[in-house]
Amino acid sequence: MDLLLIQSQEHQTLPLSELKAVLETENIVSEIKVITNGLIHLKNLKNEKYINSYQILARRLGYTHEILEVITDYNLENTENNTIKDDFNKYIKNSDEKNIENQLNIIFESFKNIEWKEYINDTFAVRLKRFDKVPIDTIGFEKKLGGIIKLATKATVALNNPNSFIKLVISKNKLFLTIIRFKLNKKHFQEVKPHKRPFFYPGSMNPKLARGMVNLSKIKEGDLVLDPFCGTGGILIEAGLIGAKLIGSDINWKMKNGTNINLEHYGLTDYKLYHLDVREMKLIDKVDAVVTDPPYGISSSTGGENSENIFYQFLDSIAKNIKKDGIITIASPDSLNLDHILNELNFELIERHKIKMHKSLTRVISVITKKS
Ligand SMILES: C[S@@+](CC[C@H](N)C(=O)[O-])C[C@H]1O[C@@H](n2cnc3c(N)ncnc32)[C@H](O)[C@@H]1O
């Protein structure tokens, strides 16, 4: 079985890296094909585990907006590379449109042979999503497929809350006919926006990035996860929602108590919170992973300590409290020379993503582990 993923295009590398990390963590074996920016084809998922894998991806991924089951897919002849002189640009555009629409007309004829009754349950909707600005009559083709399905099944079109949702996705060289089996809870990342939590404090991390960082740390259900600069608990909420056991601590008791209120609000119960300076941390049980956003001294206080010293002392302390091979995902400002600290403390870098927040801050997300 194949899945098609529509991903956020807000960042070049994070959505794909998050996906690769979750596939590896959850032992989902599949061939990954990047069709175009924001469109990923997962090929040949194991049949017996397929529905389970589909659900896991829908539940875990932050930077993926939709997951679709591929009914069938087609290669399209790409006319874009034809080398015809500029004078003929207008002509090329028109002939491209014709060419692609002609190809689609032939493909749509073959849609009549699909056993639609296996996919459609009483009411349905059809939507077409275009990538690469492919020049086609979107509504015309949606109606055309709707007509084919109606004729084959006698089902009725319902644009709101249909029982079956068919989606056509087209890029410059692929067409996918898909069905949505599990909806992602897109509202989740709205509902958990920091200002909607019972305890709010400025400087909280955006929940989608927090989820992405949790996933990059390859956390499994039941793993023990630590955020030693827990603030309002944004990272712990995301780790808790994917089934991790949580340890949070903060030097500020107001933050520790606020995290407590926020975790309870989201129904999370498997946690321990400490009012603690990270430099004094001595955990009885070593944790499986650490995900954290230390203070940079820009919007969140470092308690008068130089930001570089905080990172050094924090990583030194974490090295003693994390299991061998445990993954640490941290955010830092790009003005900080983290590599120098990693070298000194014998950590190795697995991957890194840069996110421009605003004019004066670029955040760097680093995924690291202790050198063996
Ligand atoms: C950037 S905020 C964390 C934001 C958090 N990710 C959130 O979403 O709310 C950094 C936190 O580190 C805490 N902090 C500063 N120095 C610390 C230290 N030495 N040990 C533990 N916590 C510290 C601050 O009180 C603050 O709550």
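Reader: Which residues of helix 1 meet which residues of helix 6?
Author: In this predicted model, L14, S17, E18, A21 and V22 of helix 1 meet G212, N215 and L216 of helix 6. A pair is counted as a contact when the C-beta atoms, placed from the backbone, lie within 7 Å. On spacing in general, an α-helix has 3.6 residues a turn, so residues three or four places apart point the same way.

Reader: What makes up the contact of helix 1 with helix 6, by class?
Author: Four of its residues are nonpolar, three polar and one charged. Glu counts as charged, so E18 is the charged one. Gly is placed among the polar residues, so G212 falls there.

Reader: Why are helix 1 and helix 6 called oblique to each other?
Author: Their axes come within 8 Å and cross at roughly 45°. Roughly parallel would need an angle under 35 degrees, and roughly perpendicular starts at 65. The value of roughly 45° fits neither class, and therefore the pair is oblique. Helix 1 passes helix 6 in a left-handed crossing.

Reader: What makes helix 6 oblique to helix 7?
Author: Helix 6 (residues 207–216) and helix 7 (residues 234–241) pack at an angle of about 60°, with their axes 8 Å apart. Set against the cut-offs of 35 and 65 degrees, that angle makes helix 6 oblique to helix 7. The crossing of helix 6 with helix 7 is right-handed.

Reader: Which residues make the contact of helix 6 with helix 7?
Author: Helix 6 supplies P207, A210, R211, M213 and V214, and helix 7 supplies G234, I235, E238 and A239. By class they divide into six nonpolar, one polar and two charged. Arg and Glu count as charged, so R211 and E238 are the charged residues here.

Reader: Why is helix 7 called roughly parallel to helix 8?
Author: These helices pack at an angle of about 30°, with axes 10 Å apart. An angle under 35 degrees counts as roughly parallel, which makes helix 7 roughly parallel to helix 8. Here too, the crossing is right-handed. L236, I237 and G240 of helix 7 meet T259, N262 and L263 of helix 8. The residues of that contact divide into three nonpolar, three polar and no charged.

Reader: How do you know that P207 counts as buried?
Author: P207, which is found in helix 6, has 23 C-beta neighbours inside 10 Å. The threshold is 20 or more, and therefore P207 counts as buried. The C-alpha atoms of P207 and I235 are separated by 7.4 Å, although these residues are 28 apart along the chain.

Reader: Why is helix 6 described as largely enclosed by the rest of the structure?
Author: Ten of its ten residues are buried, so helix 6 is largely enclosed. The buried residues include K208, R211 and N215 as well as L209, M213 and V214. After helix 6 comes K218, with a positive phi near 55°.

Reader: What makes helix 7 largely enclosed by the rest of the structure?
Author: Seven of its eight residues are buried, so helix 7 is given the description "largely enclosed". The buried residues are G234, I235, L236, I237, E238, A239 and G240. They pack against helix 6, strand 9 (224–227), strand 10 (245–250), helix 8 (253–265), strand 11 (271–275) and strand 12 (287–292). Just after helix 7, G243 has a positive phi of about 95°.

Reader: Into which domains is the protein divided?
Author: Domain 1 covers 3–179 and domain 2 covers 189–370. The C-alpha centres of the two domains lie 36 Å apart.

Reader: How do you know that domain 1 and domain 2 are in contact?
Author: Twelve residues of domain 1 are in contact with 13 residues of domain 2. The largest share of the side of domain 1 that touches domain 2 comes from helix 1 (residues 14–25), with seven residues. By class, that side of domain 1 has four nonpolar, five polar and three charged residues.

Reader: What are the totals for helices and strands in the protein?
Author: There are ten helices and 15 strands. Of the 372 residues, 37% count as buried. Among contacts with a separation of 6 or more, 72% are between residues 24 or more positions apart.

Methods: Residues numbered from 1 in each chain as written. Predicted model: local features only at pLDDT ≥ 70, side-chain atom pairs only at ≥ 80, totals over all residues. Domains from an automatic or database assignment. Contact = placed C-beta atoms within 7 Å. Helix = DSSP H or I, 4+ residues; strand = E, 2+ residues; numbered from the N terminus. Axes fitted to C-alpha atoms, helices over the stretch in contact; angles between N-to-C directions. Parallel < 35°, antiparallel > 145°, perpendicular 65-115°, else oblique. Left-handed = near helix turned anticlockwise from the far one by under 90°. Buried ≥ 20, exposed ≤ 12 C-beta atoms within 10 Å, placed from the backbone.
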